[in-house]
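This report goes through the structure chain by chain. The sequence and the model are shown first, and the notes follow.

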Amino acid sequence: MILGDLLGTPVLDADGGRLGRVADVRFVLDGTPHQLMAEPRLLGLVVGPHSASSFMGYERNGLTRPRMIARILRWRHRGSFLVLWEDIAVVGNRSVRLRPGFTRYSTALDDHAQA
Amino acid sequence: MKRLLGVALGILTAIGGFVDIGDLVTNAVVGSRFGLSLVWVVAVGVVGICLFANMSGRVAAVSGRATFEVIRERLGARAGLANLAASFLINLMTVTAEIGGIALSLQLASSVDYLLWIPVAAVAVWLVIWRVRFSIMENVTGLLGLTLVIFAVAVFLLKPDWGALAGQLAPTVPQQETFWSYSYYAIALFGAAMTPYEVFFFSSGAVEEKWSVKDLAQSRINVLVGFPLGGLLSVSIAVCAAIVLLPAGVSVTSLSQVVLPVAEGAGKLGLAFVLVGMVAATFGAALETTLSSGYTLAQFFGWSWGKFRRPAQAARFHLSMIVCLLVGMAVLATGVDPVLVTEYSVVFSAIALPLTYLPILIVANDPQYMGEHVNGRVVNVLGMVFLVIILVASIAAIPLMIVTGAGS
Amino acid sequence: MDPGLSRGLEARVLVNAARARAAGWRARSCRKRLYGGMALAGLVLLTACSGGTSHSVSTAVKDSSSAVATARIALRQDMDGKLTRAATSTTLDDELKEIQTSRSTVLKLSPATPEDRDTQKQALDVLDQCAAGFATARAALATNDGGNPSLPDGDKALAGAQDALKQLEDKVGSK
């Protein structure tokens with residue numbers, strides 16, 4: 001499966017209620033580094049209730065300007081959340097179903113953590 | 001001393017490189033039909049192109065990333081591809097118009113049919129892209145393009161009634177025209193002044209010439225002095241048309257009409273200047289747009305690109321430009337009027353403006369790319385104002401095109 | 001695993017990925033398709049839109065009088081020694097093309113009323129007069145100075161065509 005196919009796929013909770021669509025896919029690099037780069041590991045999916053379009057970089061807290069654009073984009077992605085891979089029950093062709101009692105994490109990326 | 005010369009050269013090439021077939025045709029059409037009542041649009045457009053050319057140059061110099069790499073990264077692959085497709089097609093249309101412009105200018109000089117000049121022009125463009133160093137290519141066409149200053153000289157030689165001319169400057173719709181066609185040509189003029197390819201080219205040129213943060217001051221001077229003077233040059237094209245063609249009841253539909261006012265004011269010598277200038281300006285713009293099409297494709301798909309590499313090392317980049325030139329030639333070979341292609345290309349450029357300018361504005365605000373060189377407050381306010389103008393122009397363009405029958 | 005920790009790590013990844021130009025996995029649905037659709041719809045409408053006979057005739061007459069006026073400017077400049085032969089003849093060719101386009105537009109009209117048929121016929125007559133004027137002017141340019149017809153002859157023929165266009169314009173415009 002190609003990740004590109006996953007984007008925009010509807011996300012359902014355990015009871016089949018619609019939560020939104022897959023807006024982004026998050027990775028971490030935490031394995032032992034190989035020759036050049038550590039292997040990325042799939043952390044989870046970003047679910048957007050209103051829009052599955054790009055955050056254009058405004059998922060990072062440090063990016064606040066131009067204020068108007070930041071506000072519009074944050075508004076478009078209001079209510080979006082990150083679900084960890086562990087909380088995903090089934091990734092199907094037409095929908096992604098989550099496990100009961102999944103945790104909603106904030107999609108924001110903290111600029112301080114990167115230093 | 002050497003620095004000073006460098007700055008002077010930069011400014012002069014920025015002036016000479018500002019005008020292309022879109023500016024030539026649109027300004028003459030507007031001058032002959034609307035007098036000077038749309039000059040304010042050129043002024044607005046010049047402020048906009050200064051703002052965004054500076055921004056994209058700064059992004060390129062600080063981050064080493066040209067515009068389309070940024071677009072791809074921010075919009076993601078799919079929306080980015082849609083953006084690429086639109087930008088690329090419009091750029092291709094502009095390439096076609098510029099090659100047609102070279103051929104029409106050569107026809108005016110020689111009376112040999114322009115269709116015969118098209119292959120000559122396309123091969124010449126290809127040879128220069130293939131063989132000539134980037135800086136030489138830019139400086140020669142830019143300096144030769146400066147001969148278009150004859151339009152400004154002709155304005156004085158025509159000894160117009162200055163008071164009456166100044167009276168035309170007010171933004172009012174002339175009697176014989178409708179509000180809709182006035183708005184349509186306002187958008188066309190705006191698109192001609194702010195053509196997106198200038199931004200692709202400017203940022204890619206910054207990478208080609210290996211700009212660093214140190215070069216930012218000079219590039220800012222080039223843009224802030226050169227572009228407004230270039231804008232003044234394109235306004236003088238409109239003024240010439242408004243003095244000679246408007247009272248005679250001529251509305252411009254061909255390039256031969258564009259040069260008549262210069263011949264009226266400055267005779268055969270003026271004609272010689274204007275022909276050299278038109279060939280240089282359209283040739284320079286043909287080089288820039290052809291390179292831009294290569295740049296956008298290569299930057300999007302991650303091919304190695306740039307004239308600083310040997311062609312064999314950037315094979316796909318060069319191949320894509322050859323294909324673009326062939327497509328442009330094929331379109332022109334159908335006998336479609338290059339002036340018409342130009343008129344459509346500037347309007348479609350206006351439609352595509354947000355696709356280019358929004359990502360640049362966003363990235364120029366990103367501290368992870370730009371460090372301390374992020375946009376200042378004033379630039380951001382201006383950037384937002386222009387984003388709104390650009391959006392309005394972009395959305396209004398198609399309905400206006402339908403209502404006015406493309407301005408006829 | 002502590003999710004906060006992983007988010008920190010992941011932030012670092014995003015930065016690295018951005019720098020390494022590895023943006024391939026960020027694909028998004030496209031909305032700009034709308035633009036293409038709108039453009040297409042616009043072009044279709046454009047071709048479909050064309051007014052009645054008198055509207056088309058009045059456009060054709062306007063275009064033609066602009067062409068004739070241009071040709072007269074070019075001829076006068078040529079006589080004054082301000083324009084080269086190449087430029088003059090290119091201008092005449094361009095403007096003749098304009099007349100031909102107008103003529104074929106008028107010819108293709110299918111007028112419904114006898115009145116419209118009359119307008120069409122008159123327009124064709126005038127446009128033929130324009131074409132004849134251009135023929136004289138081009139012949140004058142081809143025969144070197146002093147030949148027959150001369151440049152003033154060409155200008156006179158075009159001036160006649162210009163008058164006829166003006167009359168027709170007034171007539172069609174008053175309808």
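## The sheet of chain A

In this predicted model, chain A holds an open sheet of seven strands, ordered β5-β6-β1-β2-β3-β4-β7, with mixed pairing. At its edges stand β5 (88–91) and β7 (105–106) of chain A; each has a single partner strand, so one side of each is left without a neighbour in the sheet.

Two of the pairings can be followed in detail. Strand β2 (residues 18–29) of chain A runs antiparallel to strand β3 (residues 40–48) of chain A, and eight bridges join them. Within this pairing, A:Val28 is opposite A:Arg41 in β3(A). The edge strand β5(A) pairs with strand β6 (residues 96–98) of chain A over three bridges, also in the antiparallel sense. Here A:Val90 has A:Arg97 of β6(A) opposite. Four residues lie between β5(A) and β6(A), and the two strands form a hairpin. As a general point, side chains in a regular strand alternate between the two faces of the sheet.

## Chain B as a whole

The secondary structure of chain B consists of 16 helices and zero strands. Its radius of gyration is 20 Å, close to the 22 Å that the globule rule gives for 408 residues, so chain B is as compact as a globular protein of that length. Along the principal axes, the C-alpha atoms of chain B fill a box of roughly 55 × 50 × 45 Å.

Of the 408 residues in chain B, 63% are buried. When contacts in chain B between residues at least 6 apart in sequence are considered, 86% of them join residues at least 24 apart.

## Helix α7 of chain B

Which residues are buried in helix α7 (residues 150–157) of chain B? They are B:Ile150, B:Phe151, B:Ala154 and B:Val155. These residues cover an arc of only 150° around the axis, which puts them on the same side of α7(B). An α-helix has 3.6 residues a turn, so residues three or four places apart point the same way.

The buried residues of α7(B) pack against two helices of chain B, α11 (216–244) and α12 (255–301). After α7(B) comes B:Lys159, which has a positive phi, near 45°.

## Positive phi in two loops of chain B

Most residues other than glycine have a negative phi. B:Ser111 is not a glycine, yet its phi is positive, near 65°. This residue is found in the loop between α4 (67–110) and α5 (114–131) of chain B. B:Ser111 has 17 C-beta neighbours inside 10 Å and therefore counts as partly exposed.

B:Lys210 is another residue other than glycine with a positive phi, here about 55°. Its place is the loop between α10 (196–208) and α11 of chain B. Is B:Lys210 buried or exposed? B:Lys210 is exposed, because just 11 other C-beta atoms lie within 10 Å, and a residue with 12 or fewer is classed as exposed.

## Helix α3 of chain C

Helix α3 of chain C covers residues 53–79, and at 1.5 Å a residue its 27 residues should span 39 Å. The end C-alpha atoms of α3(C) are 39 Å apart, which agrees with that expectation.

Of the 27 residues of α3(C), 19 are buried, so the helix is largely enclosed by the rest of the structure. Just after α3(C) comes C:Gly81, with a positive phi of about 75°.

Key
Residues are numbered from 1 along each chain as its sequence is written. Chains are lettered from A and ligands numbered from 1 in the order in which they are written. This is a predicted model: local features need pLDDT of at least 70, side-chain atom pairs count only at pLDDT 80 or more; totals for chains, interfaces and linings use all residues. Two strands pair if DSSP finds at least two bridges between them. The expected span of a helix is 1.5 Å times one less than its number of residues. A residue is buried if 20 or more other C-beta atoms lie within 10 Å of its own, exposed if 12 or fewer, and partly exposed in between; C-beta atoms are placed from the backbone. The arc is that of the directions from the helix axis to the C-beta atoms. Two residues are in contact if their C-beta atoms, placed from the backbone, lie within 7 Å. The radius of gyration is taken over C-alpha atoms; the globule rule is 2.2 Å times the number of residues to the power 0.38.
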